[in-house]
Amino acid sequence: LVQASEVSSAMAGAPSQATKALAALGAVTLAGGFYWFAEPRLRAAFEPASPVLKRSYSPEEFAAESRFAGQRPGWVFKVDHRGLGYYKDKV
């Protein structure tokens with residue numbers, strides 16, 4: 001019959017090479033699994049969203065103004081690729 005004190009003293013020693021190898025294999029497997037699961041989600045979270053295509057205005061759809069001169073029906077006052085002024089509103 002094996003005494004409990006003999007079992008605990010045998011387990012209290014330094015870990016064997018096999019135990020160390022299994023622990024390392026477990027750690028690598030866990031890290032690889034986390035990377036496989038989390039990487040696509042992290043990439044999607046930190047990458048900018050798909051670029052929003054801006055509308056391009058023709059010269060006929062733009063009236064340059066250095067300051068707001070009141071509302072114009074069908075026009076929006078803003079800064080865009082042609083500069084500050086009134087842009088034809090796409091309704």
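**A walk through a small sheet and its rings**

Let's start with a detail: arginine 72 lies over the face of tyrosine 86, 3.9 Å from the ring centre. Keep in mind that this is a predicted model, so treat what follows as a reading of that prediction. Tyrosine 86 is a handy way in, since the residue standing opposite it is alanine 63, with tyrosine 86 itself placed in β3. From there we can work outwards to the sheet, and then come back to the rings.

First, the overall layout. The protein has two helices and three strands, and going along the sequence they follow the pattern α-α-β-β-β. So where do the strands go? The three of them form an open sheet, in the order β1-β3-β2, with antiparallel pairing. The edges are taken by β1 (62–64) and β2 (75–80), each of which pairs on one side only. On average, neighbouring strands here are turned by 35° against each other, ignoring direction.

Now look at the two pairings in turn. How many bridges hold β1 and β3 together? There are three, in the antiparallel sense, with β3 covering residues 83–88. Alanine 63 opposite tyrosine 86 belongs to this picture, and alanine 64 has glycine 85 of β3 as its bridge partner. On the other side, β2 and β3 also pair in the antiparallel sense, over six bridges, and a hairpin through two residues joins β2 to β3. Here lysine 78 has its bridge partner in β3, and the partner is glycine 85. Glycine 85 therefore turns up in both pairings, as the partner of alanine 64 and of lysine 78. Lysine 78 also has a ring to look at: it lies over the face of tyrosine 87, at 5.5 Å from the ring centre.

That brings us back to the aromatics. The structure holds five aromatic pairs, and ring pairs link Tyr57, Phe62 and Tyr87 into a cluster. Tyr87 is thus a member of that cluster as well as the ring beneath lysine 78.

Phenylalanine 62, another member of the cluster, sits in strand β1. Is phenylalanine 62 buried or exposed? It counts as buried because its relative accessibility is 18%, and the cut-off for buried is under 20%. Which residues does phenylalanine 62 touch, leaving aside its neighbours within four places in sequence? The contacts are Trp75, Arg82, Gly83, Leu84, Gly85, Tyr86 and Tyr87. Gly83 is 21 residues away from phenylalanine 62 along the chain, and their C-alpha atoms are separated by 9.1 Å.

Finally, step back to the whole protein. Buried residues make up 9% of its 91 residues, and phenylalanine 62 is one of the buried ones. The accessible surface comes to about 7,900 Å², with 65% of that belonging to carbon and sulfur atoms. As for reach along the chain, take the contacts with a separation of 6 or more: residues 24 or more positions apart account for 22% of them.

Key
Residues are numbered from 1 along each chain as its sequence is written. This is a predicted model: local features need pLDDT of at least 70, side-chain atom pairs count only at pLDDT 80 or more; totals for chains, interfaces and linings use all residues. Side-chain values use heavy atoms; hydrogens and water are left out. Two strands pair if DSSP finds at least two bridges between them. Helices (H or I, at least four residues) and strands (E, at least two) are DSSP runs, numbered from the N terminus. Axes are lines fitted to C-alpha atoms, for helices over the stretch in contact, and angles run from 0 to 180 degrees between N-to-C directions. Rings of Phe, Tyr and Trp (its six-membered ring) pair if their centres lie within 6.5 Å; planes under 30 degrees apart count as stacked, over 60 as edge-to-face and the rest as tilted. A charge sits over a ring if NZ of Lys or CZ of Arg is within 6 Å of the ring centre and within 35 degrees of the ring normal. Buried means under 20% relative accessible area, exposed over 50%, partly exposed in between (1.4 Å probe, protein chains only). Contact means heavy atoms within 4.5 Å. Accessible areas come from the Shrake-Rupley method with a 1.4 Å probe; for residues, only the protein chains shown count as cover.
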